[in-house]
Amino acid sequence: MPDPVVDDPPYLIILTTYISFLVVIFLGHIQDFFAQWFHPSTYQHLRPQNGYASLYDDFESFYTRRMKQRINDCFERPTAGVSGRHIVLLDRTTEDNVRFQLVGTATSTLNLSSYNYLGFAQSEGPCADAIEEAICRDGISMAGPYRVSTKLHVEVEDQIARFLGKEAPMVFSIGFAANSTLFPSLVENGCLILSDELNHASIRFGARLSGAAIEVFAHNNMASLENKLREAVSQGQPRTHRPWQKILVTVEGLFSMEGTMCNLPRILELKKKYKFHLFIDEAHSIGAIGSQGRGFCDYFKADPAEVNILMGTFTKPFWGKWWLCGGQQGDHR
């Protein structure tokens with residue numbers, strides 16, 4: 001796969017955008033300067049009162065008061081009903097973008113900003129009915145490990161393992177928790193994480209919690225990754241130059257914000273050459289990529305055993321939980 005082409009916006013658009021922001025910021029500061037003199041009551045919440053410091057200072061609240069307020073009619077829209085495929089917005093009017101008045105009418109709109117993919121917000125429907133039936137049949141418990149509390153977790157993990165051709169999976173309740181708790185359990189001080197510069201915030205957060213050293217390589221750039229690997233293997237740890245206890249490369253399969261795909265064949269070639277461990281976040285690709293929907297290993301016809309850790313989610317193409325699937329090396333699961 002060739003390296004992705006980064007389509008930077010024209011310099012004219014960049015320049016005019018920054019100039020527009022500077023003009024808005026400049027006008028906002030002028031408004032603040034005169035308002036503090038002529039309307040001091042509107043700034044009481046920004047001043048110390050009764051011996052206590054203000055919760056927010058001028059700078060912290062500047063964006064909300066002088067920039068977001070200009071387009072407040074686009075945000076925080078009141079809704080009616082559940083956030084399903086369609087959502088009802090209550091119509092309102094305003095003269096100053098601060099105080100809004102409902103006009104008594106509503107508009108039905110297409111909802112593109114909700115995690116209610118399968119209709120869990122509704123009180124009825126195939127998903128809600130199936131959940132109610134499962135709870136009535138198997139019950140629900142928070143009193144112990146999930147593999148003891150309900151057999152449904154064990155069943156879904158077995159199905160995931162068969163579907164992906166992996167040794168064993170682990171289901172988490174939320175994806176951010178999966179990534180943020182995974183890395184501290186796999187690497188520690190004396191280990192190295194090589195992370196794509198555009199990896200998700202949960203990966204970066206988990207990497208920082210682990211205590212391992214972190215190096216960032218250019219987005220989806222295999223030459224940059226190999227340079228980092230060559231230096232890590234040849235030079236070892238800083239100051240002592242001892243070999244790293246473990247090197248973990250972490251990438252996303254499909255980068256959600258950029259739409260680029262990881263170059264898995266080249267990454268696997270580097271893995272055989274430099275003997276590192278590989279983590280792939282397939283939150284946006286599992287179930288959607290590959291002839292069988294099994295993600296990038298399926299798409300590139302690669303052996304899933306070559307990837308130590310596969311992480312994916314049910315919230316996008318599947319159901320409503322995140323899962324983590326380990327490789328065949330037991331100590332890296």
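## Salt bridges and surface of a predicted model

Glu226, Arg230, Arg266, Glu269 and Lys273 are joined by salt bridges into one network. The model is a predicted one. Within this network, Glu226 pairs with Arg230, and their closest N and O atoms are 3.5 Å apart. Both residues belong to helix H8 (residues 222–235), where they sit four residues apart, about one turn of the helix. Glu226 is buried at 12% relative accessibility, whereas Arg230 is partly exposed at 41%.

The whole structure contains eleven salt bridges. Side chains of opposite charge can pair when their charged atoms come close. The table lists three of the pairs, including the one in helix H8.

| Salt bridge | N to O distance |
|---|---|
| Lys68 and Glu76 | 3.2 Å |
| Arg99 and Asp96 | 2.4 Å |
| Glu226 and Arg230 | 3.5 Å |

The partners in these pairs can be described by their accessibility. Lys68 has a relative accessible area of 17% and is therefore buried, the cut-off being under 20%. Its partner Glu76 is exposed, with a value of 61%. Arg99 is exposed at 56%, and Asp96 is partly exposed at 29%.

Disulfides are absent: a search of the whole structure finds zero. Two cysteines may be described individually. Cys136 has a relative accessible area of 64% and is exposed. Cys191 is buried, with 2% relative accessibility.

Helix H1 covers residues 11–38 and includes Trp37. The side chain of Trp37 contributes to a nonpolar surface patch of about 1,100 Å², made together with Leu15, Ile19, Val23, Phe26, Leu27, Ile30, Phe33, Phe34 and Phe38. Trp37 has a relative accessible area of 64%, so this residue counts as exposed, for which the cut-off is over 50%. An unreviewed UniProt entry places the feature "transmembrane region" at residues 12–30. In the model, residues 12–30 are 100% helix and 0% strand, with 27 Å between the end C-alpha atoms.

For the protein as a whole, the secondary structure consists of ten helices and ten strands. The chain has 333 residues, of which 35% count as buried. The exposed area is about 20,600 Å², and carbon and sulfur atoms supply 58% of that area. Among contacts with a separation of 6 or more, 56% are between residues 24 or more positions apart.

Technical notes
Residues are numbered from 1 along each chain as its sequence is written. This is a predicted model: local features need pLDDT of at least 70, side-chain atom pairs count only at pLDDT 80 or more; totals for chains, interfaces and linings use all residues. Side-chain values use heavy atoms; hydrogens and water are left out. A disulfide is a pair of cysteine sulfur atoms within 2.5 Å. Buried means under 20% relative accessible area, exposed over 50%, partly exposed in between (1.4 Å probe, protein chains only). Patches are made of residues with over 30% relative accessible area and no salt bridge: like charges are joined within 9 Å, nonpolar side chains (Val, Leu, Ile, Met, Phe, Trp, Tyr) within 5 Å. Accessible areas come from the Shrake-Rupley method with a 1.4 Å probe; for residues, only the protein chains shown count as cover. A salt bridge is a side-chain nitrogen of Lys or Arg within 4 Å of a carboxyl oxygen of Asp or Glu. Helices (H or I, at least four residues) and strands (E, at least two) are DSSP runs, numbered from the N terminus. UniProt positions are given in the numbering used here, feature names are shortened, and annotations may be inferred rather than shown by experiment. Contact means heavy atoms within 4.5 Å.
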